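User: Please take a close look at one part of this model. I am a first-year student, so explain the terms as you go.

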Amino acid sequence: MAIHGDKDLIIQVPLTLINIMTMVRTTYYVEADAPIAKVAKEIAAEQSTGTWTEVAAEKEVHEKLGAHVVSAEGNTVVIDFPVEIFEPDNVPQILSVVAGNLFGLGGLKACRLMDVDFGPLTKYYNGPEFGIEEVRKILGVYDRPLVGTIIKPKVGLSPKRTAEVAEQAALGGLDLIKDDETLTDQKFCPLEERLTMVMDRLHKVEDRIGKPCFYAVNVTCGADMIVERAERAVELGANMVMVDILTAGFSAVQALTDEKIGVPIHIHRTMHGALTRGKYGIAMPVISKLTRMCGGTNLHTGTYAGKMERNVCEIDASRDILRKPWAGYKRVWPVSSGGLYPQKVRENLDCYGIDVILQAGGGIHGHPEGTTVGVKAMFQAVEAWQQQKTLEEYAKTHKELAGALKQWGPSQ
Ligand code: 3PG
């Protein structure tokens, strides 16, 4: 197809390349009683220039902004949206187009947004300020996965007690400590007091063992306050902040990235099950793409073995989306979290490889000999994997790991 008027400069560009430059391509899983081709057209109309009946409009409106069905086969519907329909740097608006009203259409029995090719929109997003390489450099750790923990109990500890648990964890050589998703700035554990006390302890441990440890303080809050809260946290010494991206909204993370807050951003996906499980919703790979575009450094992507329900294909896809070269963005850490303990390490590392954060809450603090020993047992499970030894074999010379095996049973 010609895209240039000058005869000598006529360039033949395949249609697909033009689509890449001018269209946002979406893929949906759809179930309905009506023929799939008809349903696909209804979705394309509803999400762009149409509605349930014909409405008079200039032909150009439909031609310029109307979505069109690329294919509708089996249960898979592919729809192209022209880039002009989007306000390119406005994630809420983009989601209202590609993941809006359609889920509620009465004629659908299932509808899941499986993938979005954001193509022409990616240039409007900065991606992470800190990625895998920057975090490795700060920690001075290049040849192994990172190991992290979630302070437990997830709520209820005072700032002083939180700092004590953090200190015990860091003493084991941990890379990252994080708040849990429901802890923000409640009265029983005010954020500023907690942060100051935790960082004070972490600095002391760093002086002692010669290695830093991140503390991802949860700054999740309303849109009117999140930048201010994160900046205040950084002022008080935070070396990482955490955001619950689905409850706060993708644009909350985008705002922190645009402000260049100067520390990595840990992303928790709490509430994802409401979107990612079942027949209606948004698949995890789409959430992973948006997280990388908006600037998350780490994203919870699930475990190949752990306590949460899993869709292995979607974990694989998310892992690759976060780490593969894409639009010039920095690479993002997948975080394997949820019911992890030493016996679950091997299966996760076999699938994730070393560019992953293994995060264990109960699997560290629940060790019969306490948090510091629990951290050591996790690291020993990693070492066993790296040396291709079974946990039982490695535990013969590593008593911390032996304690974990006694507590939670043999490796599966
Ligand atoms: C998380 O944030 O993923 C959970 O709090 C993990 O906790 P757990 O390791 O105790 O399951």
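Which residues of β7 are on one side and which on the other, and are they buried or exposed?

Analyst: This is a predicted model, where local features need pLDDT of at least 70 and side-chain atom pairs count only at pLDDT 80 or more, while totals for chains, interfaces and linings use all residues. Residues are numbered from 1 along each chain as its sequence is written, and side-chain values use heavy atoms, with hydrogens and water left out.

Strand β7 covers residues 214-218 (strands are DSSP runs of E, at least two residues; helices are runs of H or I, at least four; both are numbered from the N terminus). F214, A216 and N218 lie on one side. Y215 and V217 lie on the other. Both faces are covered, and these residues are all buried (under 20% relative accessible area, with a 1.4 Å probe and protein chains only).

Now the neighbours. Strand β6 (residues 176-178) pairs with β7 in the parallel sense over 3 bridges (pairing needs at least two bridges found by DSSP). In this pair, I177 stands opposite Y215. From β6 the chain crosses through helix α7 (residues 191-209) to β7, and the β-α-β crossover is right-handed (with the strands pointing away from the viewer, the path from the first strand over the helix to the second runs clockwise).

Strand β8 (residues 240-244) also pairs with β7, parallel and over 3 bridges. Here N218 stands opposite M242. Helix α8 (residues 226-235) joins β7 and β8 in a right-handed β-α-β unit.

Finally, the wider setting. β7 belongs to a barrel closed by 8 strands, in the order β5-β6-β7-β8-β9-β11-β12-β13, with parallel pairing.

Methods
Buried < 20%, exposed > 50% of the residue type's maximum accessible area, 1.4 Å probe, protein only.
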